[in-house]
Amino acid sequence: MSTPSPAHFPIRRLTLRDLTACADLSENRGWPREEHKWSFLLTAGTGYGIDDLAGGLVAACVVSEYGPQGRPDLGAIGMVLVAERHARQGIGRRMMRHVVSSMGSTPLTLHATPFGRPLYEELGFKVTGRAEMVVGHFSPDGPDEPRSRIATRAATAADLPGILRLDEEVFGVDRTPAITRLPAFADQLRVAEERGRIIGYAAAWPNMDTHVVGPLIAQDTETAKALIASLAAGTDRRLRTDIDVRHEELLSWVTERGLAPVSSNDVMMYGITEPPGDWTRRFAPLTVAAG
């Protein structure tokens with residue numbers, strides 16, 4: 001009897017019980033295990049997977065829905081992975097078609113690697129931008145550098161309504177389920193203030209041997225710089241973040257301070273031609289897997 005092809009196996013919802021299998025799948029494809037991130041995505045978003053008869057997962061991906069529950073305004077697709085021994089069998093294409101179909105008329109976004117971009121283009125996604133990943137030990141300003149005029153501090157529970165208002169204004173849709181998980185998910189959550197008003201916020205969350213800076217929302221580049229510097233002061237780990245390449249000044253600034261470009265991803269959209277919100281104040285995503 002021939003072995004059935006996994007290309008025809010059922011696609012099911014993933015839960016936190018699948019965390020180890022998801023991390024194993026990441027490792028199988030040469031990605032870090034990133035169990036902390038997987039846990040966040042499976043809790044705040046919806047995971048999809050195909051089981052392998054030999055154990056583990058043939059494929060997986062996660063969709064983060066933003067906006068009203070049951071009728072989201074935007075879906076962010078991430079962590080699209082197919083096990084190496086099942087690659088090039090059309091499984092990733094089937095998974096993506098399933099996700100696109102399940103989201104109906106909801107606009108979709110994702111960050112595409114060069115390897116994945118042709119598949120997404122085939123499905124109708126269009127490139128609308130690019131993000132540059134930078135990694136390294138952050139070197140603070142020298143003694144001759146002027147001190148930032150932007151005041152930052154650790155966020156408190158009382159700041160959450162203000163953070164949510166600013167985030168929806170800048171991101172363009174309501175991300176309450178994801179943002180309210182940041183205090184537990186991140187090691188640091190900081191806000192920038194001006195005359196008692198929150199003008200920016202940023203988190204640093206642990207990922208393997210780095211702290212990922214994201215989201216990074218700020219009224220201008222100087223505020224973004226102040227938030228990054230304040231987060232860097234609170235960790236000995238390397239920083240990692242994915243900066244919208246249109247923010248050239250910020251990219252130059254972090255590069256001068258020790259963060260080196262390591263890769264870039266294309267930002268792609270489906271159903272709309274541009275991401276919602278205000279890109280001029282959106283400097284880095286929470287994670288490229290969740291927008």
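## Exercises on a pocket, its strands and its salt bridges

The residues that line the largest pocket of this predicted model divide into 18 nonpolar, 11 polar and six charged.

**Exercise 1. Describe the largest pocket by its volume, its central residues and the elements that line it.**

Begin with the volume, which comes to about 920 Å³ for the largest pocket. Next, turn to the lining, which is made up of 35 residues, with Trp-31, Val-80, Leu-81, Thr-113 and Phe-115 lying nearest the centre of the pocket. Then assign the lining to elements: those that give two or more residues are strand 4 (74–82), helix 3 (91–102), strand 5 (108–112), helix 4 (117–122) and strand 12 (260–270). Finally, look for the main contributor, which is strand 4, since six residues of the lining come from that strand.

**Exercise 2. Determine which strands pair with strand 12, and in what sense.**

On one side of the search, strand 5 pairs with strand 12 in the antiparallel sense over five bridges, and within this pairing Thr-109 stands opposite Met-269. Strand 6, which spans residues 126–136, also pairs with strand 12 in the antiparallel sense, over nine bridges; here Val-135 stands opposite Ala-260.

**Exercise 3. For the salt bridge between Asp-266 and Arg-117, work out which parts of the chain are tied together and whether each residue is buried or partly exposed.**

First, check the distance: the closest N and O atoms of Asp-266 and Arg-117 are 3.0 Å apart, which satisfies the cut-off of 4 Å. Second, place the partners: because Asp-266 belongs to strand 12 and Arg-117 to helix 4, the pair ties together parts that are 149 residues apart in sequence. Third, compare the accessibilities with the limit for burial, which is under 20%: Asp-266, with a relative accessible area of 14%, is buried, whereas Arg-117, at 30%, counts as partly exposed.

**Exercise 4. Apply the reasoning to Asp-51 and Arg-12, and then find the network to which Glu-194 and Arg-197 belong.**

The side chains of Asp-51 and Arg-12 meet in a salt bridge at 2.7 Å, N to O. Asp-51 lies in strand 2 (residues 46–51) and Arg-12 in strand 1 (residues 11–14), so this contact links parts that are 39 residues apart in sequence. Asp-51 is partly exposed at 34% relative accessibility, and Arg-12 is partly exposed at 28%.

For the other pair, the side chains of Glu-194 and Arg-197 meet at 3.6 Å, N to O. Glu-194 counts as partly exposed at 24% relative accessibility, as does Arg-197 at 47%. Following shared partners then gives one network of salt bridges, which joins Arg-149, Glu-194, Arg-195, Arg-197 and Asp-220.

Definitions and conventions. Residues are numbered from 1 along each chain as its sequence is written. This is a predicted model: local features need pLDDT of at least 70, side-chain atom pairs count only at pLDDT 80 or more; totals for chains, interfaces and linings use all residues. Side-chain values use heavy atoms; hydrogens and water are left out. On a 1 Å grid over the protein atoms alone, a cavity is a set of points where a 1.4 Å probe fits but cannot get out, and a pocket is an open set with protein on both sides within 12 Å along at least five of seven lines; lining residues have an atom within 4 Å of a point. Grid points are joined across faces, edges and corners, and a volume is the space filled by probe spheres set on the points. Helices (H or I, at least four residues) and strands (E, at least two) are DSSP runs, numbered from the N terminus. Ala, Val, Leu, Ile, Met, Phe, Trp, Tyr, Cys and Pro count as nonpolar, Asp, Glu, Lys and Arg as charged, and the others, Gly among them, as polar. Two strands pair if DSSP finds at least two bridges between them. Buried means under 20% relative accessible area, exposed over 50%, partly exposed in between (1.4 Å probe, protein chains only).
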